[in-house]
Amino acid sequence: TNLVFAFNVRSRSMIKVTAPLVLAFSVLSGSASAVFLGLYVGCGVCDHDAVGTFGTASPIDMEKDLGYKGENDSYGYIAFEHCVPLVPNVRIERASMGHTGIATAGVTFNGAPVAIGDSSSISLDTTDKIVYWRLLDNWVNADFGFNFRRLDAEFLVGAAPITLSKSVPMLYLAAQLDLPFTGFSVGADIN
């Protein structure tokens, strides 16, 4: 939000005083689209399917052999933006996805036999710590930065669990286009 100050200038000496004040207030207020300080919080639902196979000796089909179906899981984020040049903005994202099913065929997982009717599950949690810089900040926004993703996963088929915890460095790109006269925008980000 911009602060607007109006001065009634009547003399030449008044112009000398008010001009620096107007300039100072215009610098402090920023432009209409620039962010002085911003805190953004959001969440949503991710609709996903477990499709495909895994394993090398005798591949396990996630739909046919384990009975996985489409799932809906949640994600959320919080971001802090500011106007200090060269200091990155910060965004933290968290997502959890999972599938559960019942083995519909006899398979072998991690060297152990899995009988028909045994339970199976996949749990995948990601935490993204993103530092980024806003390259454009008007009706078109463009961000560039780095994402440090923490991936925690557990695969359980029968009684043979496999866990995985990894940190993965990634690039972060984001763009947003403000739709004129609507208050809406369209955007996307890529890690």
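**A friendly note on this predicted model**

1. A good place to begin is the largest nonpolar core, which has twelve residues: Ala50, Ile60, Met62, Leu66, Tyr68, Ala103, Val107, Phe109, Val114, Ile122, Val157 and Ala160. A nonpolar core here is a set of buried Ala, Val, Leu, Ile, Met, Phe, Trp, Tyr and Cys residues joined through side-chain atoms within 4.5 Å. Buried means under 20% relative accessible area, exposed means over 50%, and partly exposed is in between (1.4 Å probe, protein chains only). Another core, of five residues, lies apart from that one, and Ala79, Tyr132, Tyr172 and Ala174 are among them.

2. Ala50, one of the residues of the largest core, touches Met62, Glu63, Tyr68 and His99, leaving aside residues up to four places away in sequence. Contact means heavy atoms within 4.5 Å.

3. Please keep in mind that this is a predicted model, in which local features need pLDDT of at least 70 and side-chain atom pairs count only at pLDDT 80 or more, while totals for chains, interfaces and linings use all residues. Residues are numbered from 1 along each chain as its sequence is written, and side-chain values use heavy atoms, with hydrogens and water left out.

4. How confident is the predictor? The protein chain has a mean pLDDT of 81, and 81% of its residues reach 70 or more; pLDDT is the predictor's confidence in each residue, from 0 to 100. Over residues 1-33, pLDDT stays under 50, and for this stretch the model has 16 contacts beyond four places in sequence.

5. Now to the charged pairs: there are six salt bridges in the structure, each a side-chain nitrogen of Lys or Arg within 4 Å of a carboxyl oxygen of Asp or Glu. One of them joins Arg149 and Asp128 (2.7 Å, N to O). Arg149 belongs to strand β9 (residues 140-157) and Asp128 to strand β8 (residues 119-137), so this pair ties together parts that are 21 residues apart in sequence. Strands (E, at least two residues) are DSSP runs, numbered from the N terminus. Asp128 is buried at 3% relative accessibility, whereas Arg149 is partly exposed at 22%.

6. Arg134 is worth a look too. Its side chain meets Asp143 in a salt bridge (2.7 Å, N to O) and Asp137 in another (3.9 Å, N to O). Through shared partners, salt bridges join Glu81, Arg134, Asp137 and Asp143 into one network. Asp143 is buried, with 7% relative accessibility, while Asp137 is partly exposed at 27%.

Conventions. Helices (H or I, at least four residues) and strands (E, at least two) are DSSP runs, numbered from the N terminus.
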